[in-house]
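Good morning, and thank you for coming. I would like to present one structure to the group, and I ask that you keep it in view while I speak.

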Amino acid sequence: MNKVLVINGPNLNLLGTREPEIYGEHTLAEVEAITLKLLKKNEISCTVEWFQSNSESEIVDKIQTLANGKTDLLVINPGAYSHTSVAILDALKSISTAKIEVHLSHTLKREEFRHKKLTALGCDAVIEGLGPVGYFTAISSQVYKRKFTK
Ligand code: DQA
């Protein structure tokens, strides 16, 4: 696997200070550093681009750039848009790239409105409740999936 894009949605730029009892104390830059450190430690070599936006349209635009087929994996945490955005779901459905949705928190244990995830319908898998390690888990799972797929 060569190229990975990680998209983080609204309010994830506030990680570290935003409800730390739910989302932890690491900033988004630290989550990124943890992911890269774990990839290196596990000898997984790939380039990872990190993109964060609070804007639904910017996230849709970014997903659409994957239509050129040059990216091997999209890891997306759409934040609150997971529960509401048909636009992001449609964008995810429009590309054939492998897609994994990640949530830092275990949303099924939280408010009922977080249980429904529209965007997950456009993804191949969902990983949630692992905190920052979820991003590494998503990327490494794809590496092993490829290795063990006949
Ligand atoms: C989140 C869960 C969402 O319900 C919430 O709106 C977020 C973060 C998570 O990573 O746990 O912004 O996606």
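**The ligand and its surroundings**

An oxygen atom of the ligand lies 3.2 Å from a polar backbone atom of Ala80. Before going further, I should state that this is a predicted model.

Ala80 belongs to the set of residues around the ligand, which also includes Arg18, Tyr23, Asn77, Gly79 and His83. The set is completed by His103, Leu104, Ser105, Thr107 and Arg114. By class, this shell comprises three nonpolar, six polar and two charged residues.

Two further contacts deserve attention. At Leu104, a polar backbone atom is 2.8 Å from an oxygen atom of the ligand. At Arg18, the side chain takes part: one of its N or O atoms is 3.0 Å from an oxygen atom of the ligand. How much of the ligand's accessible area does the protein cover? On its own, the ligand has 320 Å² of accessible area, and the protein covers 99% of that.

I turn now to the cavity. How many cavities of 30 Å³ or more does the structure hold? There is one. The largest cavity is the space taken by the ligand, and its volume is about 130 Å³. Its lining is made up of 14 residues; nearest the centre are Tyr23, Asn77, Gly79, Ala80 and His103. Sorted by class, the lining contains five nonpolar, six polar and three charged residues.

Finally, I come to the cysteines. A disulfide is a covalent bond between the sulfur atoms of two cysteines. A search of the whole structure finds zero disulfides. Why does Cys46 not form such a bond? The closest cysteine sulfur to that of Cys46 is in Cys123, and because the distance is 18 Å, the two are too far apart for a bond. Seen from Cys123, the closest cysteine sulfur is that of Cys46, again 18 Å away and too far for a bond.

Thank you for your attention.

Technical notes
Residues numbered from 1 in each chain as written. Predicted model: local features only at pLDDT ≥ 70, side-chain atom pairs only at ≥ 80, totals over all residues. Heavy atoms only, no water. Near = heavy atom within 4 Å. Polar contact = N/O pair within 3.5 Å; in protein donor to acceptor, adjacent residues only side chain to side chain. Areas by Shrake-Rupley, 256 points an atom, 1.4 Å probe, with all protein chains shown as cover. 1 Å grid on protein atoms, 1.4 Å probe; cavity = no way out; pocket = protein on both sides within 12 Å on 5 of 7 lines; lining within 4 Å. Sits in = over half its atoms within 2 Å of the grid points. Nonpolar A, V, L, I, M, F, W, Y, C, P; charged D, E, K, R; others polar. Points joined across faces, edges and corners; volume = space filled by probe spheres on them. Disulfide = S-S within 2.5 Å.
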